[in-house]
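Reader: Could you take a close look at one part for me, the contact between the chains? I'd like to see what builds it, and then what sits around it on either side.

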Amino acid sequence: MTDHVSFPDAVQWAVPFFIAAILAEFLWIAIKGRGGRYETRDAVTSLIMGAGNIASGFLLGFIAYAFFMWLWQITPLNLGTSIPVIILCFVLDDLRYYWVHRFGHRIRWVWASHVNHHSSQHYNLTTALRQTWTYTFTFMMVVRAPLILLGFHPAMVLFVGGLNLIYQFWIHTEAIGKMPRWFEAIMNTPSHHRAHHGRNPRYLDCNYAGVFIIWDRIFGTFVPEQEDDKVDYGLVHNIGTFNPLRVAFHEWVGIWKDASQPGLTVRQRLAYCFAPPGYSHDGSRDNSEQIKAKHLARHPEDRGTPGFDQLGAKPSAATTTKQA
Amino acid sequence: MPLEILLVLVVGGIAGVTLLLHLTGRSRLRLLTSETASDQWLRHFPDDTVIDVTVAHDGHAALVRTETGAGLLWSFGADTVARHLLDFDRIDHPEGFEVQFHDFSTPRVIIHLDDTERRHWQHLMEPA
């Protein structure tokens, strides 16, 4: 099946809007004295990560696109490019985003790419641009395969994916509190996404949505931002570098060091690559479930509250060792 | 979008934001006190029990003694980063110490200490 379908690269065209919105947010914070924080090196690192993400798209994007075009050749289906089809594609691609994002937090191989987006201790519009350089190596493009096999043209799938990312830009801000209740119920918002960026035990592994928060509500991963548990942004173990190369590759280096250490079984080496972040063969680290369980041991009053309501686990003996 | 225009926008945007933030005072390092250093340590390591905190005179680093050993907390832009002193090298530096962590995500930090502090910190950083 061959045809000539063309869609604009929405993310590239949004670059002027990104810059203008960052300036507007900065001015808002400076004038009002609230609504977020900016720090020079943190922001510059985020912006360079964003530029590198665009550059990696130029350099490596052909791999995913070639894969998608191969799928397009073999599928007998073609849904066309009408407006209702584009809208349907946008919604289904957002479901695809939810699962890729969830994998990004639960599979260390994918986390190695996504971690840099969470590596800032700040939360402002520049944080939205702190994007991966190594997404291609996660092979998560396969999650888009069903869309193309169903008859959505690859160019359309990439176009709606770009719109999805542009939507997510504006929710990386502390300048907006809560949106109207109906909007908070359906859409991903600054409040929902602030919780997603939290390193507080309550907020670990929640709110994976891109555009529609309904996916988190459906799949049981929704945690509302709590007024009495202010979001602490960043990683469980925050990194100590502004060097974009180290930000981009530090978790890949960590995987290599962990999986290649002597004396491990094949199963342990694979677990260092693909188990949830925090896995260790000797129990010297904590994953998110163990961090939540330890928090509940210190704060039993939080049991049953959002973010802890599905937790039955208690800290095991192996997890009481201090994490290196 | 033509590549030349995209390049100008990206480079100009990064340069402009950098200049704006620096000139409006957003490059200042966080200042630590004993109390904030202790609070920050527990933010990074909530399972720890802090015994005492020694803050460097410049307010940008603190040596934290906990029940499980010593740790280093330092200003990282407007925020902080902390590490237990488990796998590291302490190297003399003209302005104090350079601590290397053997960690790709946190390679090193330079602690600014005067001569008196340097001796005290050297003693505190030695393995128990």
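Author: Let's fix one word to begin with: two residues are in contact if their C-beta atoms, placed from the backbone, lie within 7 Å. This is a predicted model, so local features need pLDDT of at least 70 and side-chain atom pairs count only at pLDDT 80 or more, while totals for chains, interfaces and linings use all residues. Residues are numbered from 1 along each chain as its sequence is written, and chains are lettered from A and ligands numbered from 1 in the order in which they are written.

On to the contact, then. Chain A brings 32 residues to it, and chain B answers with 29. On the chain A side, the elements that give two or more residues are α1 (10–13), α2 (15–32), α3 (40–74) and α12 (helices, H or I, of at least four residues and strands, E, of at least two are DSSP runs, numbered from the N terminus). α3(A) has the largest share, with eight residues. By class, this side of chain A splits into 16 nonpolar, eight polar and eight charged (Ala, Val, Leu, Ile, Met, Phe, Trp, Tyr, Cys and Pro count as nonpolar, Asp, Glu, Lys and Arg as charged, and the others, Gly among them, as polar).

Let's follow α12(A) a bit further. The axes of α12(A) (244–259) and α13(A) (266–274) come within 9 Å and cross at roughly 170° (axes are lines fitted to C-alpha atoms, for helices over the stretch in contact, with angles from 0 to 180 degrees between N-to-C directions). The two helices are therefore roughly antiparallel (that's over 145 degrees; under 35 is roughly parallel, 65 to 115 roughly perpendicular, the rest oblique). Here I255(A), D258(A) and A259(A) of α12(A) meet R269(A), Y272(A) and C273(A) of α13(A). That makes four nonpolar, no polar and two charged residues.

Over in chain B there's an open sheet of four strands, ordered β1-β2-β3-β4 with antiparallel pairing (strands pair if DSSP finds at least two bridges between them). β1(B) (50–55) and β4(B) (79–84) are its edges, each pairing on one side only, and the twist averages 20° from one strand to the next. Five bridges join β1(B) to β2(B) (61–66), and D52(B) has R65(B) in β2(B) as its bridge partner. α2(B) (34–44) packs on the sheet, touching β1, β2, β3 (69–76) and β4 of chain B, with its direction at about 125° to that of β1(B). α3(B) (115–125) packs on the sheet too, touching β1, β2 and β3 of chain B, and makes about 35° with the direction of β2(B).
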